[in-house]
Amino acid sequence: MGFRTICLTSVLALTAGSAMAEMNFNRIASFPVIANMAEGEDTSRESSPEIIDVTEDGMTLVYTDSPLEVIGLIDITEPAAPRLLGNIPVGGEPTSVAVIGTTAYVGVNTSESYTAPSGLLRAIDTASGKDLATCDLGGQPDSIAKAQDGSFIAVAIENERDEDLNGGVIPQLPAGTLALVDVTEGGLDCASMRNVDLTGLAEIAGSDPEPEYVSINAAGEIVVTLQENNHIVVVSRVGEILNHFSAGAVDLDGIDATDERGALIFTESQKARKREPDAVAWIDADHFATANEGDYEGGSRGWTIFHKDGSVVYDSGTSFEQAIIQIGHYPDKRSDAKGVEPESVTFGTFDGTPYVFVGAERASVVGVYDVTDPAAPVLRQLLPSGVGPEGYVVIPERNLLISANESDLIEDGGARAHVMLFEYQDAPARYPHLTSEGLAPLTGWGAISGMVAGEGKTIYAVNDSFYGYQPTIYTIDAAQTPARITAAMQVTRAGRVAQKLDLEGITLDGEGGFWLASEGRSDRLIPHALYHVNAAGEITEEIGLPPELLAVEKRFGFEGITKVGDTLWMAVQREWADDPAHHVKLVAYNTQTGDWGAVHYEKAAPATGWVGLSEITAHGDHVYVVERDNQHDHRAVTKKIYRVALSEMQPAPLGGPLPVVTKQEVRDLIPDLTSTGGYVLDKVEGLAITEDGEIFVSTDNDGVDDHSGETMFFSIGGAM
């Protein structure tokens, strides 16, 4: 079968929101794994679900949690309402797990140094937590896999290198190996363990093979990736090497390969980029798929289907990454490394259709490919996962796909690590909510921070300072499902892309242009300011703050802007120096007279973190504001829309007492934010109300930096 690389337009068949009745995967639940900690445990510790499997009855998930040195269990009898079953200590760092019946086979790293690696293969009864058997592996395990008939376990013993030694370059002995261990009714037959010598095979550091991942087909043949060696080996059930070959390299064009410039520019190339595959999964008796994450010299940003004879049947090239770019999940800070970084790959057949699921670790996305023809996979969906998807398990008999997402952002105040459940349903796809598909050239986006409605269902939005070298006004057609970005116009000053902006609000000027609000940050020399731009995005007027505001300003400034007659109203996110506790200013600026004023708005007093305003928009006889806390997931309390009567918006002079307006709750957004089975996203930043009163809400994905990348863009119906 010949090699084929398919361009983006031919593989992309995303159909979110299609009216056609067809089967799709939709997320139905998210489980924070800290819930499995016992009562009284310190839940501020890091917890990280990585590799995941399921008991034979499909009712109990089992995942590794390396920081806690446990395996965790989740009851999914009711998959939309997963329940905690607690953790089982394993006596070291669990690196992988495979379940046969109700027995979990766990690779445990017990190494004290890189030069003296050690590890165990343990068999644990998941019902009782009892240790059934333990085998000394004589090295550090990475991946393990179970034979499809349950007869043996394959263990990739990596004996990983020290990345701080000699720049991480291999060889660094001792070499890795592949171990095969027979399974017994009681657990494991340690005496049967056979080690397969993998030295001398790879062209790169052949004396130091570093096995990364293993998979076993129905014939008992094992495929093992040697990631750092950029090599793949196929081994028989009895340990005979059947074939081995280089994983090869890919020419990448149309990528962003430059970090730290705060702009999405996909015009660069990388030639002969080594694949350096991580995960591998058989898709039939002759073919397997690899996720080409890369290590210290490679990473091809895509995935590949190989024939076991070593021929490349399909390579995604840049098409997988480009599809991710279009839905706003591109991690710009990883541009000079490995981009979206596909790390995991899983196979399953649902309702007769064979699928490969490709997990992009840095983009927090799962690609769903129909591989009916292994030479021409079709991308059916992109699913939103938690931060850092690492492992997957499929349960076709229950129509379930599960992802384990390893990143716990507790130290950064972000989302905790989650296991997410997706169901194969006769229903429209619910994600993405927003895409730039169809817009040429390839257009990335993210960090949507402010919105305003134009004519009909047109919405205009801006990005914030995460893309500091690419301030942009996006035109969105909200009448489509998913909503479509149809234009992206950069904000310019004197003909060049404007700098020192942190755009957090946008409103129409009534003359074909816009007023923009920029949230200042003095320590970065970004001024608090208003900018008047014309229909081409050129700044025509810049208005700084008056002395009365500059004297009391703090970092958290304007978040949102709206226009009522000749007056611009801006919401200040948090208290400035002269504000009473839990009160913020709604600041007024008259565009005709140049007068400034303000009113006070009383916001919620949080038990944890802070609460602030993140958007303001006028409609009818009211202004509507978004009031939110800075909390994620189960910790979120305040994500609400309020309104204030325009009759109360009578600005008083700055520097003196300000009237406090009366607010009325319009909607609690937490049910909306969890309606797609995910956890609550912290930054509700955009609010737009169309001429006919329909309210659209959006979230800010922080440029996919310490964030899942998920953007929610949805309607909540008519304004009250």
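1. Buried means under 20% relative accessible area. L434 has 2% relative accessibility, so L434 counts as buried. This is a predicted model, and the points below should be read with that in mind.

2. Stay with L434 for its surroundings. L434 is found in strand β32, residues 434-435. Setting aside neighbours within four places in sequence, its contacts are Q326, I327, W445, I476, P482, A483, R484, I485 and F713. A long-range pairing also shows up here: the C-alpha atoms of L434 and T711 are separated by 7.4 Å. Along the chain, L434 and T711 are 277 residues apart.

3. Q326, one of the contacts of L434, leads to helix α2. The helix covers residues 319-326 and is mostly covered, with 8 of its 8 residues buried. These buried residues are S319, F320, E321, Q322, A323, I324, I325 and Q326. G328 follows α2 and has a positive phi, near 80°.

4. Now the overall build. The chain contains 4 helices and 53 strands. Its C-alpha trace spans about 85 × 55 × 55 Å along the principal axes. A compact globule of 720 residues would have a radius of gyration near 27 Å; the chain has 27 Å, which agrees. Of the 720 residues, 62% count as buried. Take contacts between residues at least 6 apart in sequence: 54% of these join residues at least 24 apart.

5. Where do the nonpolar side chains gather? In soluble globular proteins, nonpolar side chains tend to be buried together. In this model the largest nonpolar core has 35 residues. The residues with the most contacts inside this core are F25, F357, L401, I641, L669 and V697. L401 shows how the packing runs. Beyond its neighbours within four places in sequence, L401 is in contact with F25, F357, L383, Y392, V393, V394, M420, L421 and F422. Another core lies apart from the largest one and has 33 residues, among them I305, V313, F320 and V365. F320 is also one of the buried residues of α2.

6. What lines the largest cavity? The structure holds 3 cavities of 30 Å³ or more. About 70 Å³ of space lies in the largest. Its lining consists of F25, N26, R27, L383, P384, R430, Y431 and T676. Two elements, β2 (23-32) and β28 (378-384), give two or more residues to this lining. β2 gives the most, with 3 residues. By type, the lining residues divide into 4 nonpolar, 2 polar and 2 charged.

7. The cavity and the largest core share residues worth viewing together. F25 lines the largest cavity, and F25 is also among the residues with the most contacts inside the largest nonpolar core. L383, another lining residue, is in contact with L401.

8. Is Q425 buried or exposed? Q425 is buried, because its relative accessible area is 15% and the cut-off is under 20%. Q425 lies in strand β31, residues 418-426. Not counting residues up to four places away in sequence, Q425 touches E22, M23, N24, N26, I28 and R430. Of these contacts, N26 and R430 also appear in the lining of the largest cavity.

How values were computed
Residues are numbered from 1 along each chain as its sequence is written. Side-chain values use heavy atoms; hydrogens and water are left out. On a 1 Å grid over the protein atoms alone, a cavity is a set of points where a 1.4 Å probe fits but cannot get out, and a pocket is an open set with protein on both sides within 12 Å along at least five of seven lines; lining residues have an atom within 4 Å of a point. Grid points are joined across faces, edges and corners, and a volume is the space filled by probe spheres set on the points. Ala, Val, Leu, Ile, Met, Phe, Trp, Tyr, Cys and Pro count as nonpolar, Asp, Glu, Lys and Arg as charged, and the others, Gly among them, as polar. A nonpolar core is a set of buried Ala, Val, Leu, Ile, Met, Phe, Trp, Tyr and Cys residues joined through side-chain atoms within 4.5 Å. Buried means under 20% relative accessible area, exposed over 50%, partly exposed in between (1.4 Å probe, protein chains only). Contact means heavy atoms within 4.5 Å. The radius of gyration is taken over C-alpha atoms; the globule rule is 2.2 Å times the number of residues to the power 0.38.
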